[in-house]
Amino acid sequence: MDRMRWHGLVPGIWIGILFLPAPCKAQVFGGNPPSLKWEQINTDTARVIFPVGLESEGERVASLVHYMNLHERKSIGTQEWKINIVLQNQTTLSNGYVEVAPFRSEFQITPSQQVFSLGSENWVDFLSVHEYRHALQNMNFRQGISALVYHLFGQEGFALVTNAAVPNWYWEGDAVFMETALTGQGRGRLPSFLDDFRAYMVSHTHYSFLKIRNGSLKDLVPDHYPLGYMLVAYGREMYGNDFWEKVTSDAVRYRGLFYPLSRSLKRRTGENIYEFYQSAIGFYQNHWKAEDSGFQTRSLPITPADPRTVTDYQFPRFLDSERILVVRSSYKRIPAFVVIGLHGGQQVLTRQTIVNDNYFSSRDSKIAWVEYRTDPRWGWKDYGVLKIYDFRSGTTRTLSHQTKYFSPDIAPDDSRIVVFECTPDLKFALKILDLNTGQVLATLPNPDQFYYTYPKFTADGKALICAVKNSQGEMALIRQETGDGKITILVPFSHKVLGIPEISGSHIYFSASFGNVDNIYEVGAGGGVVYQVTGEPNGCYQPAVSPDGKTLVFSYYTFRGRQLRRMDLDSTRFREVSPETIRGTNDLFVGKALRQEGADILDRVGPRDFPVTRYPQTAGLVNFHSIQPAFQDPNYGLDLVSNNILNTFDLVAGYNYNRNEQSSGISFSGIYAGLYPLISAGAGYTFNRNLVTSHGDRVFWNERTVNGGLSIPLNFISGKYFYGLTGGSSLYSSMVHYRPNPKYMLRDFSVDYFNTSIGFTHQLVQANQNIFSHFAQTLFFQYERTLGLPYAEQGYGIGDFYFPGLFVNHSVVLEGEFQHRDNQHAYEFPDNFIYSRGYDPGTYSDIYRLAANYTFPLVYPDFGFAGIVYFLRLRANLFYDYSRSRTLHAQGYFPDYYRSAGAELFFDTKWWNEYPLTFGIRYSRLFDADPLDPSRTHLVELVLPLQLF
């Protein structure tokens, strides 16, 4: 069944910043409407491109990049390329990446509410430091073999060899280290960043380095960001500031053809990468074990760890003294709102829709959250819309449309709701809405442009409590009156992150990073002394207090997911937190390495007077950057690839040689995505095409082809579903010019035809372990016909329908397919049909196929070999195919049947610790005669390559 799916190519290599379980965007083709106007700051170091109105952000990025280019190279090298940086402001997602081909970076500049994942630093500053470090990495890895490949094949070839030599954990770990060394915070100073590894220590769990590198579909495994930071920081702490510059220089030069980075580590430390990893883990665990805060609490689990699957329980809210409302998600099931009894029992209310943040608010019978939605055409435009679910009536309402809202909270009077709004021009505000109509009742003043996170109404509804970020990246807990907007600071500003507040009487509880582990803290409603409430060995988040104020429930990070725990509240056992602790800096055991690199540069970099000029959307449309080999026997060629910086125009010019015909051809194809429809065009000319006639003579001709077309790709998200609708039409013209031949009178001829297609997808979001969506449909129809003579036509359609199987990760897939061709056979269109498994293509006028598949997982081995291949999952598929064709003979149409059944075994793997690949083995039992081999009744075949998953 998997061979019936459309398969993509290997994705472009890019280096990002986030690892959030939320929608993610990178390399969006034609993602902004033509109405969005652009400006630029263009210098010898960087071109910063930004929408009109973001001049101050563009200037800040340019200033930081110039400073780092001049002063922060001592641990990476002195080579320099100019980079293009594009600021994207139409999305509600927070991300950034550097792409090597073409060399550019994109910043998604909307800040995130999730400060325990990304910190509180000014988001534009944070992106500038982190992403420009990636740019410096790429600039200085042009050495040795990597430089040679760059000169031969351009930027894509360079990206391929450097990513093969230097693992992804180094790219991200080094950038996280720099964001930590050069700012007042950085993720290296966030205890939550290392929660995964600390959870292993607490539970005495040990995973191999290969498993940590490749991930798992059954266990909670940290990704390459915290892994990379720990290895990079440990290496610098032990071996000096220039340690990794030397190691990566060896690697990109391929000093040691196989495993060059590990070989360099062995030469310089006496340890290969596996041994180096164990030493680094031992270093951190020894420090964690040595910690003794002198304050420990004893909490009890409400939701014990599930040994079968990783499960998260987040954002607990008391419904009454015995019941808690949470968001529950797991590797097997999509997020749902669940009621949990303090003493056992769980009830699912409804599934949560697709979100950027699982946070929700609950009051009485209502649940409010922000749903993630996208613009159907413009991929960079998305929204946060307000959803209200009433679990008494079972109804869901959408309270806003095309808004950019975050983090709602329902007022105690059940008539209002507060949301945080972040506009595309980075203006921040709290808005109070009517809970029934969505009308804005008030916008609270924000003279200091605080960035608000997770506001909460006080019990009387007259004020809001929330943690805010200032422009220096510091956080404070504040109270803001809903009447006059007056702000009172309850916990002073510092570089320690603060979480969601919970208000209980005169107490405010919140999680914070005041120590080496995130815990729950308390402050009075009027501010004052801060007290530590929990003293747990790993991160405690999202506190909830029972109506009587006696029980605290929180989400606790374990090696099997986020667990709900409870403890009795006794203020006499709280521990006072000193102001020095709140203001202090946490270097998490690698202070020497951080100091060697430098110190906070953000206050040193002042504004510079860069000239701002207009940047047309059509600027630099042709931007050749790479040469790609194109080998698919018998065709061998080279393609010259171009992409512009705004990613609205792709162009490929190529040369191809066919070894069977000994013919050569040149071609180009381009697609422009800057308008609502995508406009495509192409042309090619092939020399010396030929064939051998029945008399043994060879006939030569040259062939010209031209094509052009329009298409509209629409992709959007609503509720729990992804939707896609794409339609388009293209015109093709081919002209054949015969070379003179004394034996044959051959006339030049042309074929003109059109191709019209439409495709539709509808898919329920799926969990990590789900092989396929539990409910999805994909449909595709295509019609091709010549214009004039020779006459030819072909119609094609296929549909896949996905349903749940007997168990949660099982799937039933039903398929239908047809293809119709004319009977004249004067011209043949490409054969799109997917034949019954085990059979060869035949000759027919009409054919259809029905198929049934049952897919299920067998085992999750989490096993690899020598860093070459790693097996994540083995899965099986049982199938039955039924196909019938009609062929026109002199006596009329005759039917042929092609029926088969069998089994497939698929291996979901990673190769070289980086590249996901699925391949399989298929056994087919044929019940009818094969059109080419009638004696065949059984067939075993290797399905390779199958797909990237």
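# A tour of salt bridges, strands and rings

Begin by selecting Arg-479 and Glu-481, whose side chains meet in a salt bridge with 2.8 Å from N to O. Arg-479 is partly exposed, at 21% relative accessibility. Keep in mind throughout that this is a predicted model.

Next select Glu-817 and Arg-849, where another salt bridge brings the two side chains together at 2.9 Å, N to O. Glu-817 belongs to strand 43 (residues 811-821) and Arg-849 to strand 44 (residues 846-859), so this pair ties together parts that are 32 residues apart in sequence. Both Glu-817 and Arg-849 are buried.

For a further salt bridge, move to Arg-187 and Glu-179, whose side chains meet at 2.9 Å, again taken from N to O. Arg-187 counts as buried because its relative accessibility is 0%, and Glu-179 likewise counts as buried at 0%. To see charged residues joined into a network of salt bridges, select Glu-72, Lys-74, Arg-133, Asp-174, Arg-236 and Glu-597 together. The structure as a whole holds 51 salt bridges.

**Strand 13 and its neighbours**

Now select residues 366-374, which make up strand 13, and colour them by accessibility: 9 of the 9 residues are buried, and the strand is described as mostly covered. If you display the side chains, Lys-366, Ala-368, Val-370, Tyr-372 and Thr-374 point one way from strand 13, while Ile-367, Trp-369, Glu-371 and Arg-373 point the other way, and all of them are buried.

Add strand 12 (residues 361-363), which runs antiparallel to strand 13 and is joined to it by 3 bridges. Within this pairing, Ser-361 of strand 12 stands opposite Ala-368 in strand 13. The two strands form a hairpin with 2 residues between them, and in the turn you can pick out Asp-364, which has a positive phi of about 55°.

Then add strand 14 (residues 382-390), which is also antiparallel to strand 13 and is joined to it by 9 bridges. Here Thr-374 is the residue to select in strand 13, as it stands opposite Asp-382 in strand 14.

**Aromatic rings**

Turn now to the rings, of which the structure has 62 aromatic pairs. In one of these pairs, Phe-197 and Tyr-200, the ring centres are 6.0 Å apart and the planes are at 80°, so the pair is edge-to-face. Both residues lie in helix 6 (residues 195-203), where they are 3 residues apart, or about one turn of the helix. Phe-197 counts as buried at 3% relative accessibility, and Tyr-200 is buried too, with a relative accessible area of 5%.

A further edge-to-face pair is found by selecting Tyr-835 and Tyr-844, with 6.3 Å from centre to centre and 65° between the planes. Tyr-835 is buried, having a relative accessible area of 9%, and Tyr-844 counts as buried at 3% relative accessibility.

Rings also take part in contacts with charged side chains, and two such places are worth displaying. Select Lys-211 together with Tyr-207, and you will find the charged end of Lys-211 over the tyrosine ring, 4.1 Å from the ring centre. Then select Arg-837 with Phe-879, where the charged end of the arginine sits over the phenylalanine ring, 4.0 Å from its centre.

**Out at the surface**

Switch to a surface display and select Leu-725, Ile-758, Phe-781, Phe-818, Tyr-848 and Leu-850, which together make a nonpolar surface patch of about 510 Å². One of these residues, Leu-725, is in strand 39 (residues 721-738), and it is partly exposed, with a relative accessible area of 34%.

For the last stop, select Pro-307, which is placed in the loop between strand 7 (300-301) and strand 8 (311-318). Is Pro-307 buried or exposed? With a relative accessible area of 71%, Pro-307 is exposed, because the cut-off for that class is over 50%. If you then draw a distance from Pro-307 to Ser-885, C-alpha to C-alpha, the two residues are 51 Å apart in space and 578 residues apart in sequence.

How values were computed. Residues numbered from 1 in each chain as written. Predicted model: local features only at pLDDT ≥ 70, side-chain atom pairs only at ≥ 80, totals over all residues. Heavy atoms only, no water. Phe/Tyr/Trp six-rings, centres within 6.5 Å; stacked < 30°, edge-to-face > 60°. Helix = DSSP H or I, 4+ residues; strand = E, 2+ residues; numbered from the N terminus. Buried < 20%, exposed > 50% of the residue type's maximum accessible area, 1.4 Å probe, protein only. Lys NZ or Arg CZ within 6 Å of the ring centre and 35° of its normal. Patch = residues over 30% accessible without salt bridge, like charges linked within 9 Å, V, L, I, M, F, W, Y side chains within 5 Å. Areas by Shrake-Rupley, 256 points an atom, 1.4 Å probe, with all protein chains shown as cover. Salt bridge = Lys/Arg side-chain N within 4 Å of Asp/Glu carboxyl O. Pairing = 2+ DSSP bridges.
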